[in-house]
Amino acid sequence: MNKLFTIIVALFCCGTVLTAQNTGALTGTVIDKQTQEALIGVTIRLEGSELGATTDVDGNFRLTGIPPRSYNLTATYIGYAPLTKFNVVVTTGNVNQINFQMEPDATNLGEVVISTNKSVRIASVETPLSIQNLSVEEIKSNPGGNFDISRVMQALPGVSAGAGGGGGARNDLIIRGGGPSENVYYLDGVEIPIINHFTTQGAAGGPTGMLNVSFIEDATLSSSAFNARYDNPLSAVLQFTQRDGNPERLQGNFRVSASETALTLEGPAAKNGKTTFLASARRSYLQFLFELIDLPIRPDYWDFQYKLTHKINAKTTFSTIGIGAIDKFYFATPKESTPENIYIFGSVPSINQWNYTQGFSLKRLVDNGYWNLTFSRNMLDNQLDQFNDNFDGQQKDEAKRKLGINSLEIENKLRFDYNKYVGAWKYAFGGGVQYVKYNNTTFNRIVPEIRDDQGTIIQPDVTVNFNTDINFFKYGFFGQVNRSFLSNRVAVSAGLRTDGNTFTDTGNDIWRTLSPRASVSYAFAPKWKVNASVGRYFKIAPYTVLGFRDNENKLVNTGLDYIRSDHYVAGFEYLPTNSLRITLEGFIKKYADYPVSVQSGISLANQGAGFGVLGNELVSGIGTGEANGFELFVQQKLYKGLFFTGSYTLFWSKFSNADGRLIASGWDNRHLVSTILGYKLPRNWEIGVKYRYQGGVPFTPFDLDASRRNYLVSGTGTLDIDRLNSQRLRSFQQCDIRVDKKWNFRRATLDVFIDIQNAFANKAETEPNYTFTRKPDNSDWETTDGQSIRPDGGNAIPIILSNLDGSLLPTIGIIVEF
């Protein structure tokens, strides 16, 4: 490692000697955002240079002879608002595809014509607030992000990562105080229920992201004012837009980073350039790193992703996308049997999991509009196994089994939407149908039977053992209409959605899920807008809940209603310059009909951030909740080499449990601060700094007597439900630094970067762990009387392990474009 570091430093020092005389190129397309028609004769200008181009009859443009560095690229056209793509990186290795969607410029404020470049404004009429966007370069160069989109999104306002603040091992996106199961994800308009490896079934979180950054054009987060076309969001909709492959030549990149290697290829799939492809494969080597540092877990994963686009004619485009992963999480006996390693052995199941999403989309342009038809299929195969201490896991001694889950989820989805502009009006409508298949075989010993010396049962055995196989249909319809008034100073949107299913008792009563929403924005000055929205949103319970059967093999959760969340949001947007955006918003969320565990009395709203399954139990839909707060967000796009984002969020998150009292939820950080700053230096150097602060979240202390009795079966401590979330972890803060240097050769680019995570070695605290002491040789449990451990743990030696960890983590990565 020291030799490698010396080599990398030497290469950096050569940066002033290797002067890039080679040039790069850009290509792209310009279309009308409303009609999706190609725009002919649009002027494309590369800021800071004399280079430019105009679009041809197909809306395409090409710029060549560009000195490699970062630029802002601006499109101008008579009758349309100018549009800028910020921080476009030009290299000699790859030709970037840059796509513009321009809007007609017809906004007047009295006698003053608004000429503000709208590029920095992300909002739309349907979603005039609570929306943020990150470009591909902001994602790729994110310090500490490790090319993981889920981690990068944690830098946006209102987004936290639960306990440990993202300094831990999870990618759970907690948005405005709602749990990780409340978000939905779309990739090029196709819903992808899983975006993380080793996903928590029923919640979508996991330790590392699946999406390949090389495919992404941008990522957009909406935390309220959801378009009516989206079903099932309670807290957020995340939309990831992929670019098309290069239509001119084969190109790609190879990346080696802290935990993985990835290969991406793209190019034309036909000689006429009407068909392009993107394809990638990625392999983890975390299992080897964990072995080197003597951790008992071995995470091992692959993922694959592709996109194929075919332009049938000027008005019709067909595309297909796919993403999938193979995940295996197993154990190996560590060299040193520390209490921490012993706890990991007893508390975490082994995971054997694979999943995929496959989507097919047809887009057709019509007069002043377009329609989309999408068919997709997604599948998750999830197998969890856990044995006493997991030492016998590879032999699978069934007498020592604590947990066994073999589950399969399949969704087949057909969606249609029609979008039309008539003068100042825009309307959209559509619907969808899904066929769902879910099966699950579960064995779960929750607590053991405990008897006293006389043989009297003082704690009965609680074991869940069932097999379920269900299938049903889900369906939904939506309509949305927009209108601008007063010379476009006022914009109003109204939408209505309803959803149903053929499984739950009231699933076909679609009037129960009528979800109206409305938004309004008012431009009271050239650079100022005030925005507001109100909406009601519904989400069906996870399949793990719906498919649960009791020990008599009866489906017991069919009486659940859809979970409901009502949003009230208002705020301001200020655009001081064409590249700077400032927003201030206040929000209120009210929840109803949230499932609450009958066995533990805890709301599922407080769960979903662990490895395993969310909701595989009997529940009652009696939970309520609320999340209130405000957000301040500042975003400076690339200007004179500098770009940054900064945000502060103050919020309160509360949910009720079986007793009906609202108490602080497991996501109640209160304070969130995030800042990312990047600076482009001469000779293709770049430096980035990210700082995050999160207030500590509540946690529940252990019931020490129950923990002692149950540990040998559960592998974890038993929480004291009477003191639920009564204590709070310490706050979390972390600073990450990244330095990049690019060398551009004739047809290749080398990017070498150093990423320093947690530069100041701040400690991150997560919930404490409960375990028993083992003998030094790890042969058995240590006991107070030297005898074999009793089934009730009465002679065990308990330990409560504080979870306070944080180390400076420098890594080196290489990206080769060719």
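Rings of Phe, Tyr and Trp pair if their centres lie within 6.5 Å, with the six-membered ring standing for Trp. The exercises below use a predicted model.

**Exercise 1. Find how many aromatic pairs the structure holds, then classify the pair of tryptophan 302 and phenylalanine 304.**

Step 1. The structure holds 31 aromatic pairs.
Step 2. Tryptophan 302 and phenylalanine 304 form one of them, with 6.0 Å centre to centre.
Step 3. Their planes are 5 degrees apart. Planes under 30 degrees apart count as stacked. The pair is therefore stacked.
Step 4. Now take accessibility. Tryptophan 302 has a relative accessible area of 35%, and phenylalanine 304 has 37%. Partly exposed lies between the limits of 20% and 50%, so tryptophan 302 is partly exposed, and so is phenylalanine 304.

**Exercise 2. Identify the residues that ring pairs link to Trp781 in a cluster, and the arginine over the face of tryptophan 781.**

Step 1. The cluster linked by ring pairs consists of Phe702, Tyr711, Tyr770, Phe772 and Trp781.
Step 2. Arginine 774 lies over the face of tryptophan 781, at 4.6 Å from the ring centre.
Step 3. Another arginine sits over a ring elsewhere: arginine 255 lies over the face of phenylalanine 147, at 4.4 Å from the ring centre.

**Exercise 3. Lay out the open sheet that contains β13, and name its edge strands.**

Step 1. The sheet has 5 strands, in the order β10-β17-β18-β13-β14. The pairing is mixed.
Step 2. β10 (131-135) and β14 (190-191) each pair on one side only, which makes them the edge strands.
Step 3. Look at the β14 edge. β13 (residues 183-187) runs antiparallel to β14, and 2 bridges join them.
Step 4. Check the register: tyrosine 186 stands opposite glutamate 191 in β14.

**Exercise 4. Trace the partners of strand β26, and decide whether the strand is enclosed or open to its surroundings.**

Step 1. β25 (residues 369-387) pairs with β26 in the antiparallel sense over 19 bridges. Glycine 369 stands opposite lysine 420 in β26.
Step 2. β27 (residues 425-447) also runs antiparallel to β26, joined by 20 bridges. Leucine 414 faces valine 433 in β27 across this pairing.
Step 3. The hairpin of β26 and β27 has 2 residues between the strands. Glycine 423 takes a positive phi near 60 degrees there.
Step 4. Count the burial. In β26 (residues 401-422), 18 of the 22 residues are buried, so the strand is largely enclosed by the rest of the structure.

**Exercise 5. Compare lysine 640 and asparagine 725 by phi, loop and exposure.**

Step 1. Most residues other than glycine have a negative phi.
Step 2. Lysine 640 has a positive phi of about 55 degrees, although it is not a glycine. Asparagine 725, also not a glycine, has a positive phi of about 50 degrees.
Step 3. Place them. Lysine 640 is in the loop between β36 (619-639) and β37 (642-656). Asparagine 725 is in the loop between α7 (704-714) and β42 (727-728).
Step 4. Lysine 640 is exposed, at 69% relative accessible area, whereas asparagine 725 is buried, at 14%.

**Exercise 6. List the buried residues of helix α5, and elements that cover them.**

Step 1. In α5 (residues 339-347), Asn341, Ile342, Tyr343, Phe345, Gly346 and Ser347 are buried.
Step 2. The cover over these residues includes the strands β23 (316-331), β25, β26, β45 (764-772) and β46 (798-805). The helix α7 is also among the covering elements.

Note on methods. Residues are numbered from 1 along each chain as its sequence is written. This is a predicted model: local features need pLDDT of at least 70, side-chain atom pairs count only at pLDDT 80 or more; totals for chains, interfaces and linings use all residues. Side-chain values use heavy atoms; hydrogens and water are left out. Two strands pair if DSSP finds at least two bridges between them. Helices (H or I, at least four residues) and strands (E, at least two) are DSSP runs, numbered from the N terminus. Buried means under 20% relative accessible area, exposed over 50%, partly exposed in between (1.4 Å probe, protein chains only). Rings of Phe, Tyr and Trp (its six-membered ring) pair if their centres lie within 6.5 Å; planes under 30 degrees apart count as stacked, over 60 as edge-to-face and the rest as tilted. A charge sits over a ring if NZ of Lys or CZ of Arg is within 6 Å of the ring centre and within 35 degrees of the ring normal. Contact means heavy atoms within 4.5 Å.
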